[in-house]
Amino acid sequence: MSDPIRHLYVHVPFCGRRCSYCDFSIAVRKEVPATEFSTSVIGELKRRSDRGQLANLETVYFGGGTPSKLGGAGVAGLLAGLRAAGVVFGEGAGTPAFGVGSIAGSGTEVTIEVNPEDLTQEAAEAWLAAGVNRLSLGVQSFSPEALTWMHRTHSAGQAHEAVRVARAAGFSNLSIDLIYAVPSRVHRSWDDDLTAAIELNPEHLSVYGLTIEPRTPLGKWTARGAELPQTDDRAADEFLEGHERLTSAGFEHYEVSSYAKPGRRSRHNSAYWRRVPYLGLGPSAHSYDGQSRRWNIAALAAWEQAVAAGVDPVAGTEQLTAEQNAAEELYLALRADTGARLSGADLVAARSWVAAGWATEESGLVRLRAEGWLRLDALVGALSR
Ligand code: SF4
């Protein structure tokens, strides 16, 4: 008997243009076919053999791509379609916890990723009325030069305005994404970006280091020598500066890239790190049932064609071995502030991390500090599992 699934992810692939650093599975569209896309998502759900494991949902997460491109009516229509297909939201069967009163910590956490230019008053009100209670804003930087270099489709002013509109509409759970380790040539002040983000007073921040993927515009600029990656030392300094500034401002640094005000941690992402089952719908979406993983066809058209033909749009599956499960559990526990319980030679190794100032240890429970998270892969790789 498989475990119940209480977390749902929907991948919405549409974007206005490709950001210079992005290698996600996206579909660039001027006009987004929201109704057709929702029909395909519901079509996939109805054909999924693991649909029966869906229990009352604790979290729903619309990621992408740019889910806000669906607009107010598009997101509302998709949520209504999921409910009509039998998906139950909230803590009690038949008592969906949707609506303005549904805040983080009580009912289902319903998050959509939003680009600032899409956050109009009309859209915010429609999302809130439909049950969305958490917005994750793709701000990345407040520097005009950095935003242009990143190929972002919004300005710093639009990021400020998006937060104002969201608050005015009644959203009380906002997250802001920022990117550090941008090449020095861009002349972006990380310090200024942290100040601007703190002043907007979000409940949550996700802070990612810029990575250079070969197939992206940035990867190509770098390959031909037109761009120089940030140095490791400077990237580490910016990571630690982010930790210092944000924890001083009252945020808990609860996972390598994640900061939250008390009680405002992402319940959806925390479920991934706890390795509990989740179901993913949409092109390229991953699912995990507690023992195996599956992932969908990545290309939008091929995914849609499979669904329309009544075929499961799965691209691959992986049955995890006991060793893989143990290694993954260890890695995820150490990347979050929950930490991992270690013994034997692993605990001896971890005590050397404590001596170096990279971790804390109490009765075998090892938690990495920010300095340890900088070295996460190397530290985990040195353990015996
Ligand atoms: S908005 Fe997000 S998903 Fe879309 S291209 Fe930019 S980084 Fe990629």
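Of the 385 residues in the chain, 53% are buried, meaning under 20% relative accessible area with a 1.4 Å probe and protein chains only. The model is predicted, with local features needing pLDDT of at least 70 and side-chain atom pairs counting only at pLDDT 80 or more, while totals for chains, interfaces and linings use all residues. Residues are numbered from 1 along each chain as its sequence is written, and side-chain values use heavy atoms, without hydrogens and water.

The radius of gyration of the chain, 21 Å, agrees with the value near 21 Å for a compact globule of 385 residues, where the radius is taken over C-alpha atoms and the globule rule is 2.2 Å times the number of residues to the power 0.38. The chain holds 14 helices and 17 strands, which are DSSP runs (H or I, at least four residues; E, at least two) numbered from the N terminus.

One open sheet has three strands in the order β12-β13-β14 with antiparallel pairing, where pairing requires at least two DSSP bridges between two strands.

| Strand | Residues |
|---|---|
| β12 (edge) | 286–288 |
| β13 | 292–296 |
| β14 (edge) | 314–319 |

Three bridges join β12 to β13, and His286 stands opposite Trp295 in β13.

The ligand is surrounded by Cys15, Arg17, Arg18, Cys19, Tyr21, Cys22, Phe24, Ile26, Gly65, Thr66, Asn115 and Arg152, each with a heavy atom within 4 Å of it. This shell divides into six nonpolar, three polar and three charged residues, with Ala, Val, Leu, Ile, Met, Phe, Trp, Tyr, Cys and Pro counted as nonpolar, Asp, Glu, Lys and Arg as charged, and the others, Gly among them, as polar.

Note on methods
Buried < 20%, exposed > 50% of the residue type's maximum accessible area, 1.4 Å probe, protein only.
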